[in-house]
Amino acid sequence: GAGLALARRTILVNSGSRHEAKYLSGIAHFLEKLAFSSTARFASKDEILLTLEKHGGICDCQASRDTIMYAVSADAKGLDTVVNLLADVVLRPRLSDEEIEMTRMAIRFELEDLNMRPDPEPLLTEMIHAAAYRENTVGLNRFCPVENTDKIDREVLHSYLRNYYTPDRMVLAGVGIEHEQLVECAKKYLLGVEPVWGSGKTKDVDRSVAQYTGGIVKVEKDMSDVSLGPTPIPELTHIMIGLESCSFLEEDFIPFAVLNMMMGGGGSFSAGGPGKGMFTRLYLNVLNRHHWMYNATSYHHSYEDTGLLCIHASADPKQVREMVEIITREFILMAGAVGEVELERAKTQLKSMLMMNLESRPVIFEDVGRQVLATNTRKLPHELCTLISDVKSADIKRVVTKMLRNKPAVAALGDLTDLPTYEHIQAALSSKDGRLPRMYRLFR
């Protein structure tokens, strides 16, 4: 609203699907859905929403692989109310049987939707993580498996919360608020609050570090039912190939971020927004040259102990082999010459994206929280911009060469009749030109 100074406050908890090794998979997904339900002080979700409404506020909760973020954007004047409410939501939820049952239904619905959705990107992201970090940490499923929906109850949740929702694993972050005021509020509403699950000793805290394994996860799927929507999409096969990059705490993180920007890409129909630059490599070398490809996009996922740089591409099932080779060749080309112009363009785009995100949204905000959780400090935007400016083409070459020494992670979804073997994909990525080994059919 006009004249309303909106401030955002968040509690970030160092807890996510990666911490579920000793638990039922799906707890973080449950907690995300249960967030902002009834608490010790608020009888219902509606009561919470009404309280926030008085301060022009909205709330949301997002669980990722490594953090759960409870966020409220509201008028800066309602600071006390908001921090008090956040403390209640995070530390004293009621988790009533009825709420848990509603959550089970919501999750089942979401899982069905996930499989039917025309955009397979969330599914592929799950698959590539599972392939890259087999059965450990960030490779664990972010979505609750259907068979676990009935097993997760208040007791399971409390046992998990007792271990992961501890003061040393939480950060209260704010944007648009005086630091001192925030500290005062934290002391007032968060310090010494006895959580509903009691404060017993933590025993099952998983401190394991991500182990990159590489590998392949394939889901043979008839994609024709997915494309029945109002605008029928031809049946496509989706491939994602990734390699281990580095964690967001390492210095190489910045060259990798620049590289990801430089690769860019998008769908063949997407408009050119920021980061979708029509000058990025996946646009120029792939989408503009191979009109049969529907999509070629670069992604960089990073965590405090590892990272994954992937390229997602989709095309008609008959062109899978050629599509895979185009991606493997792009990976090899990353280690080659980097043009001065494309490098500068990627750096400028990354800096402007950083600055735009700072203006708006929780993107960098999450970053602030994650940096504090991981290191107890944070890098300021101008420091990051300086680091970006300092990236040279030799840095890109260096990080890529190191990345290419590793085994790839591959996710494949759809009709996989013509998918090259994992060994062949690996061979292409360790060759000089990124080409797949030639196949000779023997005719009798």
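Tutor: Before we start, helices (H or I, at least four residues) and strands (E, at least two) are DSSP runs, numbered from the N terminus, and by that scheme Leu 95 lies in the loop between α3 and α4 (97-116). The model is predicted, so that local features need pLDDT of at least 70 and side-chain atom pairs count only at pLDDT 80 or more, while totals for chains, interfaces and linings use all residues. Residues are numbered from 1 along each chain as its sequence is written, and side-chain values use heavy atoms, with hydrogens and water left out.

Student: What is the phi of Leu 95?

Tutor: Most residues other than glycine have a negative phi. Leu 95, which is not a glycine, has a positive phi of about 50°, and at 3% relative accessibility it counts as buried (under 20% relative accessible area, with exposed meaning over 50% and partly exposed in between, for a 1.4 Å probe and protein chains only). Phe 36, in the loop between α1 and α2 (45-54), is another residue other than glycine with a positive phi, near 60°, and Phe 36 is buried too, at 3% relative accessibility.

Student: Which residue with a positive phi follows α8?

Tutor: Gly 264 follows α8, and its phi is positive, near 55°. The helix before it, α8 (residues 253-263), has 10 of its 11 residues buried, so it is largely enclosed by the rest of the structure. The buried residues of α8 include Ile 254, Pro 255, Phe 256, Leu 259 and Asn 260.

Student: Where do the buried residues of helix α13 lie around its axis?

Tutor: In α13 (residues 381-389) the buried residues are Pro 381, Leu 384, Cys 385 and Ile 388. Seen down the helix axis, these residues fall within an arc of 100° (taken from the directions from the axis to the C-beta atoms), so they line one face of α13.

Student: Which residues touch the most other members of the largest nonpolar core?

Tutor: A nonpolar core is a set of buried Ala, Val, Leu, Ile, Met, Phe, Trp, Tyr and Cys residues joined through side-chain atoms within 4.5 Å. The largest one here has 54 residues, of which Ile 239, Ile 241, Leu 259, Met 293, Phe 331, Met 334 and Val 400 touch the most other members. A second, separate core of 52 residues includes Ala 28, Phe 42, Val 83 and Leu 86.

Student: How many cavities of 30 Å³ or more are there?

Tutor: A cavity is a set of points, on a 1 Å grid over the protein atoms alone, where a 1.4 Å probe fits but cannot get out, and its lining residues have an atom within 4 Å of a point. Points are joined across faces, edges and corners, and the volume is the space filled by probe spheres set on them. By this rule there are three cavities of 30 Å³ or more, and the largest has a volume of about 80 Å³. Its lining has 13 residues, and those closest to the centre are Leu 34, Ala 35, Tyr 70, Val 89 and Pro 93. Helices α1 (27-34) and α3 (79-91) each supply at least two residues of this lining.

Student: How many residues of that lining are nonpolar, polar or charged?

Tutor: With Ala, Val, Leu, Ile, Met, Phe, Trp, Tyr, Cys and Pro counted as nonpolar, Asp, Glu, Lys and Arg as charged, and the others, Gly among them, as polar, the lining of the largest cavity divides into 11 nonpolar, two polar and no charged.

Student: Why does Cys 59 form no bond with the closest cysteine sulfur?

Tutor: A disulfide is a pair of cysteine sulfur atoms within 2.5 Å, and the count by this rule is zero. The sulfur of Cys 59 is 9.2 Å from the closest cysteine sulfur, in Cys 61, which is too far for a bond. Cys 59 is partly exposed at 23% relative accessibility, whereas Cys 246 is buried at 4%.

Student: How many residues apart in sequence are Thr 67 and Ser 17?

Tutor: They are 50 residues apart in sequence and 8.3 Å apart in space, C-alpha to C-alpha; Thr 67 sits in the loop between β2 (58-63) and β3 (68-75) and is buried at 6% relative accessibility. Asp 80, placed in helix α3 and partly exposed at 30%, is 102 residues along the chain from Leu 182, with 8.9 Å between their C-alpha atoms. In strand β10 (residues 409-414), Ala 412 is buried at 0% relative accessibility.

Conventions. On a 1 Å grid over the protein atoms alone, a cavity is a set of points where a 1.4 Å probe fits but cannot get out, and a pocket is an open set with protein on both sides within 12 Å along at least five of seven lines; lining residues have an atom within 4 Å of a point.
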